[in-house]
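Biologist: I would like a close look at a single part of this protein, and after that a connected account of how the rest is laid out around it. Please take your time over the details.

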Amino acid sequence: MKKTLSVILAAVMIFMFVPYFAFAAVGTQEVTQAYLEENSYVLPSGSEYVAAEDISVPAGTTFYVSSNAKLFIPEEYSLSIYGNVVVLPQGELKIDGSVRNADKITGDGTYVARVVFPSLEKYGLNGKIEVSYAYSHTGSAYDNIIPGALTYYPIKAEGEAVYAPLNEYIFIIAHIIEPVVGIDKFDDALMTVRLNGVEIPYSQGDHHTLLTTSGDISYATWLNDDAFLSTFKIDLPVKEGATVIGREGEKSADGEIVYIKYGQPFSFRVEIEEEYSKAPVEVYIVRGYGWTNMDLDTILADLTPAKPDADGYYTIPEVMSDYTVFVLGLVSNETIDKVSGIFEQIRSIIEIIKKFTEKFLALFGVTLG
């Protein structure tokens, strides 16, 4: 009885699955090179097509994907275009495999390629970065600087495959998660993102490239924090009468900046030239680089003059931002002597006037208290 029941159940299961397979095959036409040639490189409307081998479009030939026709290129096959491909409105070309000369695809239909994002755990990045992507509709690499021009979609930490338009720019943000909000410990530009093993350039806050094929995304492996630490700028002034030198010999000059990694200390000394030794100099260390990047609150918060240690060094214990060093009060000894001479002359004149006034008033019996 049990054996009979098992046979019946197996038969029912087969019966249930037959319609599915039959449905999957209905309306799907396998496409070969011979099929394209027989149909003069036109896929008729109203059907779904799947490449059954590598196919190509010869030079001087235009291949049309008609309206309401869908062509799928599986991962194991390629589409090589030496002529042209036109995807008509409501037509669709979907590529999981490789495509050569994608720039020869035009039309008002849809033509997309699969982009596979890997698991973050594979690169030691789980909990370290957050990944999202967007794609342009204008063919411009500058859509990422236009407010509201792009919509970014998050990528799952376990990875996923997405479809993005061919011949449009794909924008990928691999944001390194900051342990403390408001402090840029890590630099997103240092997180390498590749497509099919080729590094995607970084600028304006994301990695972006013109999508001309399907492919796999990969990242830099996280071995330690040091490889991704932000680097900050410290502006040591170039002023007549003084030289500002870092403990390790760092020195600013016209067009040069001292660069320090996040969390590292930085020390410097101020050497005053002999000709300026009489000046009462004060040193200020202000957060921010250049006047355009400083706000009033920042400047006011750092108005207290810095104090050197016993060896004459000023120290930023832990660099966490850009800094600008100001050396104020530098005046040449010659100028100080001249000013002092002028004040001495003025004081002498005031004394003479005072004595003259006292004698003049004494003639009238008036004395100054």
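Which residues form a nonpolar patch on the surface, and about how much accessible area do they have together?

Modeller: Please keep in mind throughout that this is a predicted model. The nonpolar patch on the surface is formed by Tyr142, Ile145 and Ile146, which together have about 330 Å² of accessible area. Of these residues, isoleucine 146 can be placed in the loop that lies between β13 (129–135) and β14 (153–154). Its relative accessibility is 45%, and because exposed begins only over 50% while buried means under 20%, isoleucine 146 counts as partly exposed.

For the setting of that patch, the protein chain as a whole exposes about 21800 Å², of which carbon and sulfur atoms supply 56%. Buried residues account for 36% of the 369 residues in the chain, and its secondary structure consists of 4 helices and 28 strands. If one takes the contacts between residues at least 6 apart in sequence, 56% of them join residues that are at least 24 apart.

Strand β21 (residues 215–219) offers a view of a covered part, since 4 of its 5 residues are buried. Strand β12 (residues 110–117) runs parallel to β21 and is joined to it by 2 bridges, with valine 115 having glycine 215 of β21 as its bridge partner. Strand β17 (residues 193–195), by contrast, runs antiparallel to β21 and is joined to it by 3 bridges; here leucine 195 has isoleucine 217 of β21 as its bridge partner. As a general point, strands of a sheet pair through backbone hydrogen bonds, in either a parallel or an antiparallel manner.

Another region to examine is an open sheet of 4 strands, arranged in the order β24-β22-β28-β26 and with mixed pairing. Its edges are taken by β24 (258–261) and β26 (282–287), and because each of these has a single partner strand, one side of each is left without a neighbour in the sheet. From one strand to the next, the twist averages 25 degrees. The partner of β26 is strand β28 (residues 323–328), with which β26 pairs in the antiparallel sense over 6 bridges, and within this pairing tyrosine 284 has phenylalanine 326 of β28 as its bridge partner.

Note on methods. Residues numbered from 1 in each chain as written. Predicted model: local features only at pLDDT ≥ 70, side-chain atom pairs only at ≥ 80, totals over all residues. Heavy atoms only, no water. Pairing = 2+ DSSP bridges. Axes fitted to C-alpha atoms, helices over the stretch in contact; angles between N-to-C directions. Patch = residues over 30% accessible without salt bridge, like charges linked within 9 Å, V, L, I, M, F, W, Y side chains within 5 Å. Areas by Shrake-Rupley, 256 points an atom, 1.4 Å probe, with all protein chains shown as cover. Salt bridge = Lys/Arg side-chain N within 4 Å of Asp/Glu carboxyl O. Buried < 20%, exposed > 50% of the residue type's maximum accessible area, 1.4 Å probe, protein only. Contact = heavy atoms within 4.5 Å.
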